[in-house]
Amino acid sequence: MSIRLLAVEDDPHIARLLERELGRLGYVLRRADTAAAAARELQRETPHLLLLDLGLPDRDGSDLLRELRAAGNRVPVICLTARDRPVERVGGLRAGADDYLIKPFDVAELDARIQAVLRRSDRDAPQEVVVGALRLAADEAQLLGPDGAIALTPRELHVLRRLMRNAGRVVTKAQLTETLAALNEDIGDKTVEVYVHRIRNKIHGHGVEIVTVRGFGYLLRAAV
Ligand code: CA
């Protein structure tokens, strides 16, 4: 299976170089030239790894990264930064980057780092998922809030797990139905709504909201 990368880079020369050279190495690369375009791409599909230029025209790349991490998105990230801006590098790592590379870089080195980061993220999985003040333990058996465990039925936990693992993205009603059906739940028209309603009550006040996307599904995110 090909490794899908999203390269967020506003410099057209570097973007083309990435596309050409990484394409040659067998990666499938999509491009975004602003933070806003990157956010749209990430809503559409999660890549295996994000290459993130920190100096973007509309926003600082590290702000975008911080926002992704706050929403529970754990996509591996390598920051691309200019040599003369050490502050940027540190900012990128603090914001949740897995590695960084200084421009101009050697594509062979970038390739090696991509592979290393992907190996590491594989090895670390499954990871704890954090959204707002909620933590889903790595074994996924327990939901923790700031005051300890939050009691959920096993089925509620399954539904919430699916939403938290996809924080910031829409999970369709069909996908949640499927999750419940796998647990031998009798699915009626309103079953998913009932579960979401119960979960909302239980996680209320923990900095997380489940947004209803009419006619489509639900999206869990850190409350703003
Ligand atoms: Ca730039």
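## Starting with a glutamate in helix 2

Let's begin with Glu-41, which counts as buried at 18% relative accessibility. Buried means under 20% relative accessible area, so Glu-41 makes the cut with its 18%. You can find Glu-41 in helix 2, which runs over residues 35–44. Which residues does Glu-41 touch, not counting those up to four places away in sequence? The answer is Leu-6 and Arg-30.

Keep in mind as you look around that this is a predicted model.

## The whole protein

Now zoom out. The protein has 224 residues, and a compact globule with that number would have a radius of gyration near 17 Å; the value here is 19 Å, which agrees. If you follow the C-alpha trace along its principal axes, it spans about 55 × 35 × 35 Å. The chain forms 8 helices and 12 strands.

How much of the protein counts as buried? That applies to 43% of the 224 residues. The accessible surface comes to about 11,600 Å², and carbon and sulfur atoms account for 50% of it.

Contacts tell you how the chain folds back on itself. Take the contacts between residues at least 6 apart in sequence: 56% of them join residues at least 24 apart. As for charges, the protein has 34 positive and 33 negative ones, and the mean positions of the two sets are 2 Å apart.

## The calcium ion

Which protein residues act as donors for the calcium ion? They are Asp-10 (OD), Asp-53 (OD) and Gly-55 (O), and they lie 2.2 to 2.3 Å from the ion. Written as a sequence pattern, the spacing of these donor residues is D-x42-D-x1-G. Asp-10 sits in the loop between strand 1 (4–8) and helix 1 (12–24), while Asp-53 belongs to strand 3 (residues 49–53), so this pair ties together parts that are 43 residues apart in sequence.

Are these two aspartates buried or exposed? Asp-10 is partly exposed, as its relative accessible area is 32%. Asp-53, on the other hand, counts as buried at 5% relative accessibility.

## A cis peptide bond and a helix 1 residue

Here's a spot worth finding on screen. Most peptide bonds are trans. Lys-103 and Pro-104, however, are joined by a cis peptide bond, with omega at about -5°. Pro-104 lies in the loop between strand 5 (99–103) and helix 5 (107–124).

Next, look across to Ile-14 in helix 1. Ile-14 and Pro-104 are 90 residues apart along the chain, yet 8.9 Å separates their C-alpha atoms. Which residues is Ile-14 in contact with, leaving aside neighbours within four places in sequence? They are Glu-9, Lys-103 and Phe-105. Lys-103 is thus a partner of Ile-14 as well as one end of the cis bond. Ile-14 itself counts as buried, at 17% relative accessibility.

## Another buried glutamate

Finally, meet Glu-156, which is part of helix 6 (residues 154–165). With a relative accessible area of 2%, Glu-156 is buried. Setting aside neighbours within four places in sequence, Glu-156 is in contact with Tyr-195, Arg-198, Ile-199 and Lys-202. Two of those partners, Arg-198 and Lys-202, are of the kinds that count as positive, whereas Glu counts as negative.

Methods
Residues numbered from 1 in each chain as written. Predicted model: local features only at pLDDT ≥ 70, side-chain atom pairs only at ≥ 80, totals over all residues. Heavy atoms only, no water. Donors = N, O, S within 2.8 Å, 3.2 Å for Na, K, Ca; no water. Helix = DSSP H or I, 4+ residues; strand = E, 2+ residues; numbered from the N terminus. Buried < 20%, exposed > 50% of the residue type's maximum accessible area, 1.4 Å probe, protein only. Rg over C-alpha atoms; globule rule 2.2 N^0.38 Å. Contact = heavy atoms within 4.5 Å. Areas by Shrake-Rupley, 256 points an atom, 1.4 Å probe, with all protein chains shown as cover. Charge placed at Lys NZ, Arg CZ, Asp CG, Glu CD.
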